[in-house]
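Subject: Handing over a structure, with notes on what was found

Dear colleague,

Please find the structure below, together with its sequence. I suggest that you keep it open while you read, since the notes that follow go from place to place in it.

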Amino acid sequence: MDRKEINAILEEAIALGKEAIPNGEVASYIPELSKADKNHLGLSIYTKDGRRYNMGDTDVRFTIQSISKIITLAVALEACGPEEIFAKVDVEPSGEAFNSLIDLDTTSNKPKNPMINSGALTVTSLLLNKTTFSEMRVFARKLCQDPEMDLDKAVFNSERANISRNRAIAYLLESKGIIESDVEDTLDLYTKMCSLTVTANSLANLGLTLANDGIDLSTGTRLLKTETVHMIKTIMLTCGMYDSSGEFAVHVGVPTKSGVGGGLVSTVDKEMGIGIFSPSLDEKGNCIAGRPVLEHLSKELKLHIFEWQSRIVDQVKPV
């Protein structure tokens, strides 16, 4: 498929996304996020052969929010190892909202997965004695190939001033012996990671780094172990879209993680990374334009994980 054909598919996807935007609302529980223009929509695709496709608002900066959970988990898996991480956090879809504490308080001592707030807070707590925010920011810049990635102080201060629910979750985790580090320091690092700025372009870069087995395409440098990448992509597929992850996996079939700042990052194994920005959210807290955009791309470019596997099998000639 040539560039002209792909651009036509992207234009169709953007049009579908724009139709969905009026049905969502920007995040308001963090006052600074409520200032976003809900009509922004950007789509960036970065392929393993080095091609870039951009449509719309791909250079607009916004905060990464829960997409940072991918980066934090990656650092923790590398620094602590999977046994230590998954002794504290499960890897099952939650079926509850991203900021829920119902299951944690009634059915389990362990957070369901690292992609919801309770799980991410637990993972963050394990890093307090192993790294600093400055070091995490440097590594995040490498993963996203984005040297301008930095702390949005206005968003950080807004989140810290409205952190009661996450504070309740964190102290509940401490009471159960899951968080053993300082709770306020954990909340501080977690919120700083959520307040890093990105663009749709830098999210596409992150998606491609994961698609490329943790290797930076531009330098050939390995940033993550293969084992780490496999775990992250699997958790993205099963848990990355909160309590709509199962439906999303059926209809789109691409490992994806959302953030309430309006970002989506998707990774198509060995092929491409996709970054989307649109701050209008659905009732689950996911970018509302992202679903039709990704569903169209998945269908037209045959990106669904099982369709992609079928294409690979078809290319293998019998001996």
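Let me begin with Asp-59, which sits in the loop between strand β2 (52-56) and strand β3 (62-63). Please bear in mind throughout that this is a predicted model. With a relative accessible area of 60%, Asp-59 is exposed, because the cut-off for that word is anything over 50%. Leaving aside the neighbours within four places in sequence, Asp-59 is in contact with Thr-199 and Asn-201, and with Asn-201 there is also a polar contact between the side chains, at 2.9 Å. If you would like a distance to check for yourself, the C-alpha atoms of Asp-59 and Asp-2 are separated by 24 Å, the two residues being 57 apart along the chain.

Two other loop residues deserve a look for their backbone angles. Asp-213, in the loop between α10 (200-211) and α11 (226-239), has a positive phi of about 65° although it is not a glycine. Lys-270, in the loop between β6 and β7 (272-277), likewise has a positive phi, near 65°, and is a residue other than glycine. How exposed or buried is Asp-213? Its relative accessible area is 22%, so Asp-213 counts as partly exposed, given that buried residues are those under 20%. Lys-270, on the other hand, has a relative accessible area of 51% and is therefore exposed.

From that loop you can step back into strand β6 (residues 263-268), where you will find Ser-266. At 1% relative accessibility, Ser-266 counts as buried. Which residues does Ser-266 touch, if those up to four places away in sequence are not counted? They are Gly-207, Val-254, Pro-255, Thr-256, Met-272, Gly-273, Ile-274 and Leu-294. With one of these, Thr-256, the side chain of Ser-266 also makes a polar contact of 2.8 Å.

A buried residue can also be found in a loop: Leu-303 has its place between α13 and α14 (305-315), and its relative accessible area of 3% is the reason why it is called buried. The C-alpha atoms of Leu-303 and Asp-282, which are 21 residues apart along the chain, are separated by 23 Å.

Turning to whole elements, helix α5 (residues 117-125) has nine of its nine residues buried, so this helix is largely enclosed by the rest of the structure. The buried residues of α5 include Asn-117, Ser-118 and Thr-124, and also Leu-121 and Val-123.

The remaining notes concern pairs of helices. Two packed helices are described by the angle between their axes and the distance between the axes.

Helix α1 (residues 3-20) and helix α13 (residues 290-301) have axes that come within 8 Å and cross at roughly 155°. That angle makes α1 roughly antiparallel to α13, since angles over 145 degrees are given that name. On the α1 side the contact is made by Ile-9, Leu-10, Glu-12, Ala-13, Leu-16, Gly-17 and Ala-20, and on the α13 side by Pro-292, Val-293, His-296, Leu-297, Glu-300 and Leu-301. Sorted by class, these residues are nine nonpolar, two polar and two charged. The crossing of α1 and α13 is right-handed.

Helix α2 (residues 68-80) and helix α6 (residues 133-144) pack at an angle of about 110°, and their axes are 11 Å apart. This means that α2 is roughly perpendicular to α6. Here Ile-71, Thr-72 and Val-75 of α2 meet Met-136, Phe-139, Ala-140, Leu-143 and Cys-144 of α6, and the contact holds seven nonpolar residues, one polar and no charged.

Lastly, helix α8 (residues 164-175) and helix α9 (residues 183-194) have axes 10 Å apart and pack at an angle of about 135°, which means that α8 is oblique to α9. Their crossing is right-handed. The residues that meet are Asn-166, Arg-167, Ala-170, Tyr-171 and Glu-174 in α8 and Val-183, Glu-184, Leu-187 and Tyr-190 in α9, and they divide into five nonpolar, one polar and three charged.

With best wishes

Key
Residues are numbered from 1 along each chain as its sequence is written. This is a predicted model: local features need pLDDT of at least 70, side-chain atom pairs count only at pLDDT 80 or more; totals for chains, interfaces and linings use all residues. Side-chain values use heavy atoms; hydrogens and water are left out. Helices (H or I, at least four residues) and strands (E, at least two) are DSSP runs, numbered from the N terminus. Buried means under 20% relative accessible area, exposed over 50%, partly exposed in between (1.4 Å probe, protein chains only). A polar contact is a pair of N or O atoms within 3.5 Å; within protein, one must be able to donate a hydrogen and the other to accept it, and residues adjacent in sequence count only if both atoms are side-chain atoms. Contact means heavy atoms within 4.5 Å. Axes are lines fitted to C-alpha atoms, for helices over the stretch in contact, and angles run from 0 to 180 degrees between N-to-C directions. Angles under 35 degrees count as roughly parallel, over 145 as roughly antiparallel, 65 to 115 as roughly perpendicular and the rest as oblique. A crossing is left-handed if the near helix is turned anticlockwise from the far one by less than a right angle, and right-handed if clockwise. Ala, Val, Leu, Ile, Met, Phe, Trp, Tyr, Cys and Pro count as nonpolar, Asp, Glu, Lys and Arg as charged, and the others, Gly among them, as polar.
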